[in-house]
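Please look through the sequence and the model shown below, and then follow a learner and a teacher as they read a few features together.

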Amino acid sequence: MPSSVPKNSNNLGTKSTVRMRQNWYIHMCYTRKDYSECLKVIEDQLRACNGQSEYPLYIKALILRQQGRIEESLTTFQAALCMNPLNVNNLKQVGRSLFLLGKHKTALDVFEEAEKLSPEDREIWHNKGMCFLYLKQYENAIDCFDNANSIRRHETTYSQLGRAYRLMGNEDEALRTYLETLEVVPESSDILTTVGLLYLKMGNNTKAFEYLGNSLTYDPKNPKTILAAGSIIQDNQDMDVALVKYRVAATQTPNSPQLWNNVGMCFFGKGKYVAAVSCLKRAVYLAPFEWIISYNLGIVHLTVGQYASAFHYFSTAINLQPTYARAYMYLAVSLSKLDDFENSCAAYDKAIDLGEDYLIHLNYSITLMNNDEVERAKNHFLKFEKLFLALEDSCEIDEDVTAMANMMRTAVHF
């Protein structure tokens, strides 16, 4: 009796089995990161089936993207998607490649199509949030990140949620988010460092140092954490301990301008001005548009009596950051030392326009007194006294400020 099974059925079964074995081998090579062998097997299989094999195309696209060939990976993912339009993984990877190419609006449209196929997929909501974040639609981004976390909480999503709040200027909500993240991943060095930096920005140095210390417990060589902890130690005038911390960070990030800036100011605090200038000049070489480095170089040159160099660096700092009042004040001091009284007064006036500061009025009164402008000096010294008394209980006052104030008080007969 003739069989009803087609004669080529064994061939079809054999081909299917071979293809599955090849897919298994492709997967094994990919997970082992043996990409050259993986691509070789993929190309052989695609030739054998005239390019009509979804899994090899998918893996090939992943490898191309890891190699930085984003546009080629996008084309390959799209080929896999054409073969199976209902595979949500293909849609997600097409969206991811579009996102990496900076096509955030198009990527968002793709992720919304993926959401229709799998509305409870955490990655889709997270990626939608990332698209909204780069489109600067922060409220929508926050909603997407919240939805992603409601499906399954994840450190990356919390981190981006906190970032969205910070971009909106809501530091308190960002801090709350990061603290909530620590409930999920209490040993995350990056999150602990971020919390520490937020507390540092808010002026709570004790809390900042606590979280930075916890971060260093889990990752003692994290340069970002070391830099932040070192800056707190440096603010407490313990320069030697801070330098020890920075030495560890220097082995990890030898080309960090922030690191060399802090090291330079440590040497400045120790009175080693040549070393300070050397470190700060390295910092300004690495980051010529960081205004604070030029400002610090101005401070060092002003301290050692190199007034023309101080004028140069303060001018640079002002060009990069024209709203910082004390830069104008120190520019005025430099001009005064260079016997340019008129422009010195103009710089002081600009500094006062940017913000009332007791130190500006004190230095202005000294400059005026040195140029026989006694009445104007008295007026500015009175303003200094008023601002100084308001700060005396809440701020640490530099001894030099107190000494100069006493000298001026005698000079103007107060």
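The dialogue that follows turns to salt bridges and then to backbone angles.

Q: What kind of model is this, and how are residues numbered?
A: This is a predicted model, in which local features need pLDDT of at least 70 and side-chain atom pairs count only at pLDDT 80 or more, while totals for chains, interfaces and linings use all residues. Residues are numbered from 1 along each chain as its sequence is written, and side-chain values use heavy atoms, with hydrogens and water left out.

Q: What is a salt bridge, and how many salt bridges are counted here?
A: Side chains of opposite charge can pair when their charged atoms come close. The rule used here asks for a side-chain nitrogen of Lys or Arg within 4 Å of a carboxyl oxygen of Asp or Glu, and by this rule the count comes to 16 salt bridges. Some of them join up, for Lys-40, Asp-44 and Arg-47 are linked in a network of salt bridges.

Q: Where do Glu-113 and Lys-116 lie?
A: Both lie in helix α6 (residues 104-117), three residues apart, about one turn of the helix; a helix here is a DSSP run of H or I with at least four residues, numbered from the N terminus. Glu-113 forms a salt bridge with Lys-116, and their closest N and O atoms are 3.2 Å apart. Lys-116 counts as exposed because its relative accessible area is 63%, whereas Glu-113, at 41%, is partly exposed (buried means under 20% relative accessible area, exposed over 50%, partly exposed in between, with a 1.4 Å probe and protein chains only).

Q: Which helices hold Arg-409 and Glu-385?
A: The side chains of Arg-409 and Glu-385 meet in a salt bridge of 2.9 Å, N to O. This pair links distant parts of the chain, with Arg-409 in helix α23 (residues 399-411) and Glu-385 in helix α22 (residues 374-391), 24 residues apart. Glu-385 has 15% relative accessibility and therefore counts as buried, while Arg-409, with a relative accessible area of 22%, is partly exposed.

Q: What is the sign of phi at Gln-237 and at Asp-339, positive or negative?
A: Phi of Gln-237 is near 70 degrees, a positive value in a residue other than glycine, and phi of Asp-339, also a residue other than glycine, is positive at near 65 degrees. Gln-237 is found in the loop between α13 (223-235) and α14 (239-252), and Asp-339 lies in the loop between α19 (325-337) and α20 (341-354). Gln-237 counts as exposed because its relative accessibility is 60%, and Asp-339 counts as exposed at 71%.

Notes:
Helix = DSSP H or I, 4+ residues; strand = E, 2+ residues; numbered from the N terminus.
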